[in-house]
Amino acid sequence: MNTATPFETFLNQHDEEAWSAALATLRRSIHEVDRNATEIWFAFYPLSLHRVLQAADDREKLVQQLLLQGDFELVNQIDKSHHFLFGHRFWPEVKQAVVQHAAQWPPRFTPGEVGVTSLADQILGVARGVAQKLKKDESLLVGITAVAFMTVQQVGIAAFTASPGSIALDRKHAKKSPEQILRVRAKDDSQGLLGFLRTVNKQFTVTHDENDDKAKYRLKEGQDLAWGAADDRSRDWVAIDPRRMEGPIPVECRSASCGTCWVGVLGGAEKLADVGAREGKKIKEFGYIDTVEPKPLIRLACQAQAHGAASVVIPPWNGQFGKYLKSLKAEESRAQSHPNDQSSLTDHAMNEPIN
């Protein structure tokens, strides 16, 4: 029995391609401080992974097959998954506005109007309403509102409504302006009076949580992000996250084989070395990102060599699901070519090896 609300039904009509088109439309309306962060969030919580887990006959078996570790359930992180967005500080108001929007859906139209406004238009409309209420720049609300819509699609309006709507931000960091954050992201470490003469001895700072002044470590010119993090003994990282066996960035293999060390690059992507052939191939296989950009916003920390300061965000989970999704699409194409074959696509894909 389908108990989805009309708003949930509307959202569920949008697949990855539809969301990609909506985000492309919204991108120019998102403030620079959250443009990359919004793209990173959608990479951290892909709709494709949510849907295959939801449809699996044996979910636990599939979780094991895809080597999923950490907290990949968005329903457990409704109020905190987006802590690295500037718009996170407006989450209580955005959440309330989305709940109201869902309750009043479909939107009312004036005489002469037809149809339901697009996904992008609805997101912009809710963001505009919150911005006017808070007297803030609308562009600061668009990214976090898009996140809220996708969160509803994945967790359902009941769980979304029931969450406290709290924020993970202290008063000091809440007062920072977008311009201040952008300046810090763009700044490089001073190398001293004779720094221009240095080559391999240069050192740079990597920030892995912009809302924690102590969440930083240093690395040398040309070191990869994971190598520098391994020297950080400032906290009991394993107690914080069992995946963090060597510093703040989870890492296992150091050869781009496990996918454990993926990170999002909020600032300084241009200061990292271009994606190498192996990293580019493996990051697609893991399912994290599919792009030909030489300096994308999603990187494998064990491969991304630094040539300047950078600000990254660490996802709370990792896994390998790219090959699985590709096998599902291949099976779907085969089924369309041979409609008399009634074999289960999911069962067949679950028997396909990941590596």
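**Helix H14 and its surroundings in a predicted model**

Of the chain's 355 residues, 50% count as buried. The model is predicted.

**Figure 1. Overview of the chain.** The chain has 16 helices and seven strands. Among contacts with a separation of 6 or more, 72% come from residues 24 or more positions apart. The accessible surface of the chain amounts to about 17600 Å², and carbon and sulfur atoms make up 51% of that surface.

**Figure 2. Buried residues of helix H14.** Helix H14 spans residues 277–286. Its buried residues are Glu279, Gly280, Lys282, Ile283, Glu285 and Phe286. The cover over these buried residues includes strand S5, residues 298–300, and helix H15, residues 322–337.

**Figure 3. The residue after helix H14.** Gly287 follows H14. The phi angle of Gly287 is positive, near 95°.

**Figure 4. Positive surface patch.** Arg278, Lys281, Lys323 and Lys326 form a positive patch on the surface. H14 and H15 are the elements that give two or more residues to this patch. H15 is also among the elements that cover the buried residues of H14.

**Figure 5. Lys326 in helix H15.** Lys326 is located in helix H15 and belongs to the positive patch that also holds Arg278, Lys281 and Lys323. Lys326 counts as exposed because its relative accessibility is 65%, and the exposed class begins over 50%.

Conventions. Residues numbered from 1 in each chain as written. Predicted model: local features only at pLDDT ≥ 70, side-chain atom pairs only at ≥ 80, totals over all residues. Heavy atoms only, no water. Buried < 20%, exposed > 50% of the residue type's maximum accessible area, 1.4 Å probe, protein only. Helix = DSSP H or I, 4+ residues; strand = E, 2+ residues; numbered from the N terminus. Contact = heavy atoms within 4.5 Å. Patch = residues over 30% accessible without salt bridge, like charges linked within 9 Å, V, L, I, M, F, W, Y side chains within 5 Å. Areas by Shrake-Rupley, 256 points an atom, 1.4 Å probe, with all protein chains shown as cover. Salt bridge = Lys/Arg side-chain N within 4 Å of Asp/Glu carboxyl O. Lys, Arg positive; Asp, Glu negative; His and termini not counted. Charge placed at Lys NZ, Arg CZ, Asp CG, Glu CD.
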